[in-house]
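Colleague: I am new to this structure and would like a close look at a single part of it, the disulfide and the loop that holds it. Please take me through that part with care, and then show me how the rest of the chain is arranged around it.

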Amino acid sequence: MYEIIQEDQQAFLILNNWGSQPFDQFWIMVSETWIWVPLYGIFLYLLYKNFKLKSLVFILIFIGLGVTLSDQLAGIFKTGIGRFRPCHDPALDHMMREVKCGGQFGFYSSHASNTFFIVTFLSRLLYRKYKFLPYFLFFWAIVVSYSRIYLGVHFPLDILMGSAMGFLLGGLFSTFALKVIHKQNKDDSVKG
């Protein structure tokens, strides 16, 4: 385990030190949630355009529950594992670029988990209509996740674990949502 942590720290230092001060504000902005509100509006429009209103309500409920679970699980892991964020790790003092710092513990990244949850969920629901969408969404998730390394608040393994958890939860919740939508469509065709 010690060797894995050492490799993770080395990978972090390489990725974190790619940054330079002129780009710091850009990566801070990428990491903020509010900057993506227009994109969330586009996601909502695409869902509205492709699903009945009744289905859309259930989709939004599943998204809300899934993001909440994703975020809360990350919080439980952070305090349960207790691995310092890079900006709190004394072994990395004077070796990293600290642009921003979060809470004391960082394993695993809730940004990565939440973003990959949304990406996986939306990809499963919309890929048949928009073949290009999953590529764009996963690129977006990778950029947001990398911003956490750039800023100095997460190690690469924090990001990989968060991405994996978000991917799994997004797959699970999208499966539930698709089953509910399928059942609703079946019930509506029987009634109609």
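Modeller: In this predicted model, a disulfide joins C87 to C101, with the two sulfur atoms 2.1 Å apart, and a search of the whole structure finds 1 disulfide. The link of C87 and C101 is right-handed, with 80 degrees about the S-S bond. Both C87 and C101 lie in the loop between α4 and α5, so the pair ties together parts that are 14 residues apart in sequence. As a general point, a disulfide is a covalent bond between the sulfur atoms of two cysteines. The two partners can also be described by their exposure: C87 counts as buried, at 11% relative accessibility, whereas C101 is partly exposed, with a relative accessible area of 31%. Buried is used here for a relative accessible area under 20%, exposed for one over 50%, and partly exposed for what lies in between, so the 11% of C87 falls under the lower limit and the 31% of C101 falls between the two.

The loop that holds the disulfide has other features that deserve attention. H94, which is also found in the loop between α4 and α5, has a positive phi of about 65 degrees although it is not a glycine. The side of the description that concerns its surroundings is plain, since H94 is exposed, with a relative accessible area of 83%. Further along, the peptide bond from F107 to Y108 is cis, with omega near 10 degrees, and Y108 is found in the loop between α4, which covers residues 53-81, and α5, which covers residues 110-126.

From that cis bond one can move to helix α7, where D158 is found. Leaving out residues up to four places away in sequence, D158 touches F107 and Y108, the two residues of the cis peptide bond, and its other contacts of this kind are R83, G106 and S109. D158 is buried, with a relative accessible area of 0%.

To place this part in the whole, it helps to know that the protein has 7 helices and 0 strands, so that, read from the N terminus on, its elements run α-α-α-α-α-α-α. The C-alpha atoms fill a box of roughly 70 × 35 × 25 Å, taken along the principal axes. Of the 192 residues in the protein, 44% are buried, and among contacts between residues at least 6 apart in sequence, 80% join residues at least 24 apart.

The helices also share a nonpolar core, the largest in the model, which has 42 residues, and those with the most contacts inside it are L47, I59, F121, L122, L125 and L126. The elements that give two or more residues to this core are α1 (2-16), α2 (21-31), α3 (37-50), α4, α5, α6 (133-151) and α7 (156-191). In general, nonpolar side chains in soluble globular proteins tend to be buried together. I59 shows how such residues meet, for it touches L47, F51, F121, L125 and I181, not counting residues up to four places away in sequence.

F43, found in helix α3, gives another view of contacts between parts of the chain. F43 is buried, with a relative accessible area of 5%, and, leaving aside its neighbours within four places in sequence, F43 is in contact with I118, L122, L137 and W140. The C-alpha atoms of F43 and S31 are 19 Å apart in space, while the two residues are 12 apart in sequence.

A wider span is given by Q10, which is found in helix α1 and is partly exposed, with a relative accessible area of 43%. The C-alpha atoms of Q10 and K131 are separated by 37 Å, and these two residues are 121 apart along the chain.

Last comes the surface, where the accessible area of the protein comes to about 10700 Å², of which 69% belongs to carbon and sulfur atoms. The protein has 17 positive and 12 negative side chains, and the centres of the two sets lie 20 Å apart.

Key:
Residues are numbered from 1 along each chain as its sequence is written. Side-chain values use heavy atoms; hydrogens and water are left out. Helices (H or I, at least four residues) and strands (E, at least two) are DSSP runs, numbered from the N terminus. Buried means under 20% relative accessible area, exposed over 50%, partly exposed in between (1.4 Å probe, protein chains only). Contact means heavy atoms within 4.5 Å. Accessible areas come from the Shrake-Rupley method with a 1.4 Å probe; for residues, only the protein chains shown count as cover. Lys and Arg count as positive and Asp and Glu as negative; His and the chain ends are not counted. The place of a charge is taken as NZ of Lys, CZ of Arg, CG of Asp or CD of Glu. A disulfide is a pair of cysteine sulfur atoms within 2.5 Å. A nonpolar core is a set of buried Ala, Val, Leu, Ile, Met, Phe, Trp, Tyr and Cys residues joined through side-chain atoms within 4.5 Å.
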